[in-house]
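Trainee: Please choose one part of this structure and go through it with me slowly and closely, as I am new to it.

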Amino acid sequence: MAHEVRGVVARGKGQPVSLETIVVPDPGPGEALVAVRACGVCHTDLHYREGGINDDFPFLLGHEAAGVVEAVGEGVTDVAPGDFVILNWRAVCGACRACLRGRPQYCFATHNATQKMTLADGTPLSPALGIGAFADKTLVAAGQCTKVDPSASPVAVGLLGCGVMAGLGAAINTGGVTRGDSVAVIGCGGVGDAAIAGAHLAGATRIIAVDVDDTKLDWARRFGATHTVNSRETDPVEAIRELTGGFGADVVIEAVGRPETYKQAFYARDLAGTVVLVGVPTPEMTLELPLLDVFGRGGALKSSWYGDCLPSRDFPMLVSLYQQGRLDLDAFVTETIALEDVEAAFEKMHHGEVLRSVVVL
């Protein structure tokens with residue numbers, strides 16, 4: 001049986017999104033049908049609409065979501081109808097070389113649902129990050145569903161499905177921030193603020209937020225930044241060094257994804273310190289650094305994929321911290337909106353007016 005539901009579709013590069021009837025099939029082997037309860041409006045969705053990911057239009061947008069499993073296909077044992085789940089876009093395979101070496105967070109063969117959701121006329125849809133959650137219901141691989149405590153707010157915990165997890169994980173998993181560390185975060189949008197929250201949670205004693213927007217720096221303080229630097233007015237590298245005894249930060253997290261800010265991160269770290277790139281660059285960007293500086297400064301230059309998270313390990317733990325009041329996920333939610341408001345939410349995001357708009361269904 002197929003289900004006709006509402007969904008937000010991007011039909012062409014740069015075109016405004018539209019709310020349309022989509023057809024969602026019943027789950028086949030290894031798949032799950034999920035009734036979406038909430039879905040954050042992430043910058044990645046805007047990248048899809050702009051053709052910045054690929055040109056497999058039309059896209060069913062939305063991926064940062066929580067919902068309730070309605071049905072599962074043959075062979076699914078990890079989740080069952082009625083389970084409250086956070087959706088993730090890295091369903092690990094358990095069989096690739098990373099999984100077999102005990103590093104499933106780096107799985108090289110993550111998978112999505114096999115069946116296609118379609119428009120009413122049968123046109124196949126490309127779901128954003130294999131999820132497509134700006135819809136009343138979506139079809140995913142069962143491994144993309146992580147069961148969590150059903151008493152948690154879907155509006156808040158759904159954000160762990162992408163941006164907030166990316167930032168938290170960049171600090172805790174990739175950067176290895178620990179008690180007593182100094183940390184600088186360049187770029188204080190949703191991902192950057194989550195990195196600040198992660199550094200605070202891990203026990204960093206000095207957390208320096210860098211941005212060009214004073215409003216975003218105010219947001220950063222709410223998540224645990226101890227110092228702020230407006231890089232329009234002050235050289236951020238010199239400011240970070242000054243705030244760390246002249247040495248630079250132990251860990252610098254770049255949450256913008258631009259060569260110029262990456263260079264700032266590179267030179268703002270202490271000797272043997274760590275740089276983490278979690279901001280997503282565009283394909284044409286290149287980086288040039290003196291190789292002697294790479295050698296001479298030592299340490300580590302890392303990229304963070306989805307916060308190097310393992311959903312089955314990290315999502316329940318972070319939801320528990322949220323429910324204990326130790327991780328303020330509610331603070332990331334600027335507004336709740338309806339499906340038909342997604343295009344307006346993109347505009348607010350573009351102008352830096354919101355931390356997160358969240359669609360509630």
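Mentor: Helices (H or I, at least four residues) and strands (E, at least two) are taken as DSSP runs and numbered from the N terminus, and by that reckoning Val-157 belongs to helix H3, residues 154-157. Before going further, note that this is a predicted model, in which local features need pLDDT of at least 70 and side-chain atom pairs count only at pLDDT 80 or more, while totals for chains, interfaces and linings use all residues. Residues are numbered from 1 along each chain as its sequence is written, and side-chain values use heavy atoms, with hydrogens and water left out.

Val-157 counts as buried (under 20% relative accessible area, with exposed over 50% and partly exposed in between, using a 1.4 Å probe and protein chains only), because its relative accessible area is 0%. If its neighbours within four places in sequence are set aside, Val-157 is in contact (heavy atoms within 4.5 Å) with Ala-66, Phe-84, Ile-86, Ala-152, Val-319, Tyr-322 and Leu-329. One of these partners, Tyr-322, is 165 residues away along the chain, yet the C-alpha atoms of Val-157 and Tyr-322 are separated by 8.3 Å.

Val-157 also has a place in the largest nonpolar core (a set of buried Ala, Val, Leu, Ile, Met, Phe, Trp, Tyr and Cys residues joined through side-chain atoms within 4.5 Å). Of the 52 residues in that core, Val-157, Leu-160, Leu-168, Ile-196, Ile-253 and Leu-329 touch the most other members, and the largest share of the core, six residues, is supplied by H4. Leu-329, not counting residues up to four places away in sequence, touches Ala-156, Val-157, Leu-159, Leu-160, Val-164 and Tyr-322. Apart from this core lies another, of 33 residues, which includes Tyr-48, Leu-61, Val-76 and Cys-145.

From the core we can turn to H4 itself. Helix H4 (residues 163-174) packs against helix H5 (residues 190-202) at an angle of about 45°, and their axes are 7 Å apart. The two helices are therefore oblique to each other, given that angles under 35 degrees count as roughly parallel, over 145 as roughly antiparallel, 65 to 115 as roughly perpendicular and the rest as oblique. On the H4 side the meeting residues include Val-164, Leu-168 and Ile-172, and on the H5 side they include Val-191, Ala-195 and Leu-201. The residues of this contact divide into twelve nonpolar, three polar and no charged, where Ala, Val, Leu, Ile, Met, Phe, Trp, Tyr, Cys and Pro count as nonpolar, Asp, Glu, Lys and Arg as charged, and the others, Gly among them, as polar.

How values were computed: Axes fitted to C-alpha atoms, helices over the stretch in contact; angles between N-to-C directions.
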